[in-house]
Amino acid sequence: MSFWYVSWSFCTSDLNSSSAASSFFDSVSMEAARSSSDMAWSFSISAFFSSSQRSRLAGSTPLEKFVKESLKPVCSPANLDLCDDEKKAEIEKLQAMSDEDLAASIETESKKLEAAEEEFKSEVQKLQETYQKLMEDKDNKIADP
């Protein structure tokens, strides 16, 4: 069994150990590693566990803070009480539709999306051709004294 595996096992079996101890042990295992791939693997493991231990010891992370402060429940079929009258009516209308009607409505909207995407691609191609023509004209003007 290689030395880095033992140190990794130590880190995974004792996630409540102090960050300093695991960092020291991981640095020792990196020095003992014989190949660059062993070193890279060991480093990624130590970085992962160091960050997970750090978040446990430091309390809430910036992501947790953002979620608590910014993300709130939104209007949805599960939260109709959060919807305005217009959204409630739309959700109730969709819920009352049969499966066939829903499928037809989805198909209609999908065709609209495909048509819009095709138009977009066509217009981008026209812009690309115009750009190429302008670049050629510019290069020709520069080249001709």
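This section describes the overall fold of a predicted model and then the loop between α4 and α5.

The protein contains six helices and zero strands, and from the N terminus its elements follow the order α-α-α-α-α-α. Of its 145 residues, 12% count as buried. The exposed surface of the protein amounts to about 11600 Å², of which carbon and sulfur atoms supply 59%. Among contacts in the protein with a separation of 6 or more, 43% are accounted for by residues 24 or more positions apart.

Two residues of the loop between α4 and α5 were examined, Ser 76 and Asp 84. The loop that holds Ser 76 connects α4, spanning residues 62–70, with α5, spanning residues 85–96. The relative accessible area of Ser 76 is 19%; because the limit for a buried residue is under 20%, Ser 76 counts as buried. When neighbours within four places in sequence are left aside, Ser 76 is in contact with Cys 83 and Ile 91. Of these partners, Ile 91 falls within the residue range of α5 (85–96).

Asp 84 lies in the loop between α4 and α5 as well. Its relative accessibility is 45%, and Asp 84 is therefore classed as partly exposed, a class that lies between the limits of 20% and 50%. Asp 84 also contributes to a negative surface patch, which is formed together with Asp 85, Glu 86 and Glu 90. The loop between α4 and α5 thus holds both Ser 76, which is buried, and Asp 84, which is partly exposed.

Key. Residues are numbered from 1 along each chain as its sequence is written. This is a predicted model: local features need pLDDT of at least 70, side-chain atom pairs count only at pLDDT 80 or more; totals for chains, interfaces and linings use all residues. Side-chain values use heavy atoms; hydrogens and water are left out. Helices (H or I, at least four residues) and strands (E, at least two) are DSSP runs, numbered from the N terminus. Buried means under 20% relative accessible area, exposed over 50%, partly exposed in between (1.4 Å probe, protein chains only). Contact means heavy atoms within 4.5 Å. Patches are made of residues with over 30% relative accessible area and no salt bridge: like charges are joined within 9 Å, nonpolar side chains (Val, Leu, Ile, Met, Phe, Trp, Tyr) within 5 Å. Accessible areas come from the Shrake-Rupley method with a 1.4 Å probe; for residues, only the protein chains shown count as cover. A salt bridge is a side-chain nitrogen of Lys or Arg within 4 Å of a carboxyl oxygen of Asp or Glu. Lys and Arg count as positive and Asp and Glu as negative; His and the chain ends are not counted. The place of a charge is taken as NZ of Lys, CZ of Arg, CG of Asp or CD of Glu.
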